[in-house]
Amino acid sequence: DFSKGFFIVNEGQFGKGGGVVNFYNSITNKVDTNLFVKINPGKDLGNTTQFSTIYNEQMYLVSKQGDLVTANPNTLVETGRIKDFNKEAADGHAFCGVTAELGLVSTTKGIFKLNLSPLSLGDKIEGITGTIGELLQYREHVYAVGNNKIYVLNTNTWEVDKTFDNGKSGLTVSKDGMIWSTHDNLLLKI
């Protein structure tokens, strides 16, 4: 039962195996390790699993090298896979859901659309290049951190509406609807 606790994604030991999904059980106060491989025999995650989130009743597991994988968050049974995602697109960093049919994946070569049903790689977003990390969807925009900048991507036109010249990590939305990030020792209100 994965309803009483939280998942912990670990990148794994580079060169020796794929990433792992662990689960902290808040009732037993114990961590169950390497669950994805135990539940899905013969299947593994990519090397250096970077990111995981649950969106629209699917768990998205993004790795730098190898496959992008989805799983049922209630059972951890694999539900989808894009084989060799890093070769088809680039090294994966993060996932952000946009609609029930579409998400985005940040990579070392910008941002790519991800068709969610069925799971498949979509087009690259124009105007954003280089390594992109965190993604945050809020209202009609996706905020993306990369290259010491924050890109504001319009989800209606898929164009970059604005670029902020500061921003390294920590995208979040405060209660008043403001977007926040950090850059070195600065806290940035967008």
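Which residues are linked in a network of salt bridges? They are K43, D67, E78, R81 and K83. I will start with that network and then go through the aromatic pairs, one sheet and the core.

First, the ground rules. This is a predicted model, so to speak of local features we need a pLDDT of at least 70, and side-chain atom pairs count only at pLDDT 80 or more, while totals for chains, interfaces and linings use all residues. Residues are numbered from 1 along each chain as its sequence is written, and side-chain values use heavy atoms, with hydrogens and water left out.

Salt bridges, then. By salt bridge I mean a side-chain nitrogen of Lys or Arg within 4 Å of a carboxyl oxygen of Asp or Glu. Searching the whole structure gives five of them.

In the network, D67 bridges to K83, with the closest N and O atoms 3.9 Å apart. That pair links distant parts of the chain: D67 sits in the loop between β5 (58-65) and β6 (68-71), K83 sits in the loop between β7 (78-82) and α2 (85-88), and they are 16 residues apart. The helices and strands I name are DSSP runs, numbered from the N terminus: helices are H or I with at least four residues, strands are E with at least two.

Are the two partners buried or exposed? D67 is buried, at 8% relative accessible area, and K83 is exposed, at 55%. Buried means under 20% relative accessible area, exposed means over 50%, and partly exposed is in between, with a 1.4 Å probe and protein chains only.

Also in the network, E78 bridges to R81, where the closest N and O atoms are 2.6 Å apart. E78 is buried at 14% relative accessibility, and R81 is partly exposed at 25%.

Another salt bridge is K168 with D184, its closest N and O atoms 2.6 Å apart. K168 lies in the loop between β15 (160-164) and β16 (169-173), and D184 in the loop between β17 (179-183) and β18 (186-189), so this pair ties together parts 16 residues apart in sequence. K168 is partly exposed, at 39%, and D184 is exposed, at 57%.

Next, aromatics. The search of the whole structure finds six aromatic pairs. Rings of Phe, Tyr and Trp (for Trp, its six-membered ring) pair if their centres lie within 6.5 Å; planes under 30 degrees apart are stacked, over 60 edge-to-face, and the rest tilted.

One of the pairs is F6 and Y24: the centres are 5.1 Å apart and the planes at 35°, so we call it tilted. F6 is in strand β1 (residues 5-10) and Y24 in strand β2 (residues 20-25), so the pair ties together parts 18 residues apart in sequence. F6 is partly exposed, at 47%.

Another is Y60 and F95, with centres 3.9 Å apart and planes at 5°, so this pair is stacked. Y60 is in strand β5 and F95 in strand β8 (residues 92-97), 35 residues apart. Y60 is buried at 3% relative accessibility, and F95 is buried at 3% too. Separately, F2, F7 and F23 form one aromatic cluster.

β8 brings us to a sheet. It is an open sheet of four strands in the order β8-β9-β10-β11, with antiparallel pairing. Its edge strands are β8 and β11 (119-124), each pairing on one side only. Two strands count as paired if DSSP finds at least two bridges between them. β9 and strand β10 (residues 110-116) run antiparallel and are joined by six bridges; in β10, K113 is the bridge partner of L104.

L104 also belongs to the largest nonpolar core. A nonpolar core here is a set of buried Ala, Val, Leu, Ile, Met, Phe, Trp, Tyr and Cys residues joined through side-chain atoms within 4.5 Å. This one has 14 residues, and those touching the most other members are L104, I111, I125, I132, L135, V142 and W158. At least two core residues come from each of β9 (102-107), β12 (132-138), β13 (141-146) and β14 (149-154).

What does I132 touch, not counting residues up to four places away in sequence? The list is H93, S106, T107, G110, I111, A144, V145, G146, N147 and Y151, where contact means heavy atoms within 4.5 Å.

Last, T48, which lies in strand β4 (residues 47-55). T48 is buried, at 9% relative accessibility. Leaving aside neighbours within four places in sequence, T48 contacts E11, F14, S63 and K64.
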